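Please open the structure in your viewer and keep the selection tool at hand. The tour below goes from one selection to the next.

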Amino acid sequence: MSEPRVRRAEIAVEQHHVDRVYTRLAELRTQAEAMRAKGYEIGHGAQREAVFEQASMLFERDMMVFHANQTLQTLDAEYEGLVFGRLDHTDTETVYVGRLGIRDAEFDNLVTDWRAPAAAAFYQATAEEPMDVVRRRVIRCSGQNVLDVDDDVLIADAVPEGMPIVGEGALMAALGRSRGEKMRDIVATIQREQDEVIRAPWRGVTEITGGPGTGKTAVALHRAAYLLYRHRRQLGGAGVLVVGPSGVFTSYISRVLPSMGETNVELRALGELLDGVGGADGSHQDAAPLAAVKGSLRMRKVLLRALRDTPPDVPEEMRIVYRGEVLKLSAKELEKVRRKVHTHGGPPNRSRIRAAETLLDALADKAEEYATADGKTIDRAELITDLGERIDFHRFLVVWWPVLYPGEVLRWLSDERRLARAGKQLLNRDEISMLAASMADRSHGWSVADVAMLDELRVLAGPPPKRRHRPVDLEAEPTPRGSTGTGPQRPEHYDEYSHIVVDESQDLSPMQWRMVGRRGKYASWTVVGDPVQSSWPDPAEAAQARDQAFGVRTARRRYTLRTNYRNSAEIFDLAAKVVVGQAGSDELPKAVRTTGLTPDVRPVDVAALEHETQAAAKELLAAVEGTVGVITAMDRVDEVSGWLSGQADERLKVVGSLDSKGLEYDAVVLVEPMDLVTESTTGRRVLYVALTRATQQLTVLASDPDWLPSPR
């Protein structure tokens with residue numbers, strides 16, 4: 001039989017099995033809907049029963065509805081190919097592998113969940129270690145239709161007579177598929193080095209390093225899904241948090257976990273980690289020098305000093321009458337009282353009682369001073385008691401020791417004199433001017449770097465007293481966000497996650513590590529990064545804060561992924577040239593796929609840049625089926641977006657250099673690469689990232705040839 005006929009016959013065989021799976025899926029969905037309906041019937045019946053029977057019936061109702069909804073949520077998840085693999089073992093057992101486990105009415109396996117031990121061989125078996133697998137088959141589907149099959153023979157001399165073998169190159173075929181706006185999962189094409197990371201023990205810290213295109217992000221997300229499957233009792237209740245570099249990134253990865261049946265994982269960008277920010281989520285990026293100041297550990301000391309400084313507009317003098325005598329505390333004396341309260345080190349919002357006691361002591365001292373001068377004596381305890389019950393004393397206390405809100409305190413730093421006091425011997429004059437100007441300009445809301453400072457102030461200030469009407473800034477009731485589904489509502493500033501995934505970890509500032517660490521006080525960690533792609537200028541300081549965030553861990557393991565599956569070799573060879581001298585050959589991955597398409601590097605005149613960008617984008621949209629990214633410096637995104645506003649194609653995306661991290665496109669137009677070098681404190685590393693976003697074609701438009709180092 002010819003190869004095409006064999007392939008068609010094998011596709012028909014697998015289609016028959018896939019049809020059985022979807023038929024059973026429909027049956028399970030019907031059963032779950034019936035269970036939910038019955039649960040609601042029990043609830044209605046409970047209303048007619050005696051009170052002592054109601055509790056039992058309502059509990060039964062709740063359990064039935066809960067389990068039915070959980071089942072429906074799993075069955076209704078969007079699956080791109082529910083069945084994607086098959087294993088034929090030496091003992092003739094056949095195991096189908098898919099996105100979730102399904103049994104038939106007799107409880108025989110129709111599909112084995114990809115995370116189950118029985119499915120491990122689909123990813124781990126090799127010709128050297130076949131794990132009793134004779135044939136491994138990749139089944140490619142679109143919806144419920146089988147499109148193609150591709151086989152690997154792992155034990156050639158064990159292939160039974162009559163077993164058909166079809167095709168080769170399933171992985172390369174998958175890698176060549178066009179990209180959409182959302183990241184796809186890789187459950188059908190996980191490689192052995194990736195599978196080892198996914199199935200690593202869950203306790204402690206698992207670090208995943210590797211260059212662009214090695215699948216770090218996908219592996220980390222699949223690891224989260226695997227851990228929830230294997231350790232749901234330990235991890236499911238407290239929850240899993242995935243932290244990404246930007247909202248663009250979290251949107252891009254938002255469908256990966258739901259496609260594997262996990263809908264209760266929380267996804268948040270760094271600028272979205274702080275609850276209560278409302279519509280002012282940190283989304284824009286500061287210029288690199290400013291972000292470096294805001295992210296440094298020096299800022300914690302600056303913020304603490306700012307918090308303990310005298311708030312603006314508080315009374316500069318206190319006058320209160322006691323038994324006909326006016327007791328007066330000057331501004332200097334009031335400041336001395338304030339410093340004394342702060343020496344105890346408690347959060348200001350928890351220190352009002354101590355402030356009242358210290359203030360009363362100062363008034364008693366003043367009364368004794370007056371009495372001594374007049375040759376009199378006073379009852380100190382009686383004075384403190386009497387004044388402490390006076391309404392005018394408490395009115396003064398409320399305005400002199402106000403509740404402090406993080407956003408309010410941060411805005412104080414727009415006053416250069418106040419900032420200079422807080423930053424004395426910590427910030428230089430240029431840094432003070434730059435930071436004060438940033439705090440004064442609220443036209444873009446809070447920046448990503450601001451959010452970490454706000455979170456630090458939240459902890460340093462302590463929680464404000466609960467009241468019905470509170471300032472909107474950072475204290476409004478939070479709205480649920482970032483979840484991949486309909487999971488439990490977490491309380492504000494939740495810090496009890498069981499597992500935290502941090503992507504693009506090499507870019508986190510020390511202050512951001514402190515912020516993330518507060519959410520993971522009891523968590524295990526999966527940390528993804530690549531030092532070569534770092535945009536943070538002080539790795540040592542960041543490493544110190546990162547280790548403090550992890551806390552004391554008994555287990556810490558590190559995995560390095562070395563194969564670049566994203567970029568063609570032609571594209572990656574160009575990208576590697578820009579970090580020559582900044583990264584050793586062992587720090588760069590190996591691209592395994594060639595296309596024969598050399599990157600198109602075009603020298604352009606500055607005056608023609610707009611036209612050349614429009615032309616290049618149009619060419620690439622015609623050349624590829626998937627997405628085209630136009631990457632530019634952060635401060636030129638709006639300008640370049642305006643150039644391309646006339647090209648109404650939803651596949652075209654304009655993105656800044658920092659926001660491009662973690663993303664991938666079929667084709668990329670890189671505008672003015674030298675702008676990316678000069679805007680970053682880490683120079684060519686950010687350019688290296690931008691050059692590695694394309695999977696198929698790359699066009700570079702450059703008016704300055706110095707972006708590409710001369711060959712040595």
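**From one edge of the sheet to a helix**

Begin by selecting strand S8 (residues 240–244) together with S9, which pair in the parallel sense over four bridges; strands here are DSSP runs of E with at least two residues, and helices are runs of H or I with at least four, both numbered from the N terminus, while pairing requires that DSSP finds at least two bridges between two strands. This is a predicted model, in which local features need pLDDT of at least 70 and side-chain atom pairs count only at pLDDT 80 or more, whereas totals for chains, interfaces and linings use all residues. Residues are numbered from 1 along each chain as its sequence is written, and side-chain values use heavy atoms, with hydrogens and water left out.

Within this pair, Val-243 has Arg-268 in S9 as its bridge partner. Next, show the side chains of S9, where Glu-266 and Arg-268 point one way, Leu-267 and Ala-269 point the other way, and all are buried (under 20% relative accessible area with a 1.4 Å probe, protein chains only; exposed is over 50%, and partly exposed lies in between).

Now widen the selection to the open sheet of six strands, whose order is S9-S8-S12-S13-S7-S14 with parallel pairing. Strands S9 (266–269) and S14 (556–561) stand at the edges with a single partner strand each, so one side of each has no neighbour in the sheet.

At the S14 edge, select strand S7 (residues 205–210), which runs parallel to S14 and is joined to S14 by six bridges; Val-205 has Arg-556 in S14 as its bridge partner.

Finally, go to His-342 in helix H12 (residues 331–342), a residue that counts as buried because its relative accessibility is 8%. Leaving aside neighbours within four places in sequence, His-342 is in contact (heavy atoms within 4.5 Å) with Leu-307, Arg-308, Pro-348 and Trp-401.
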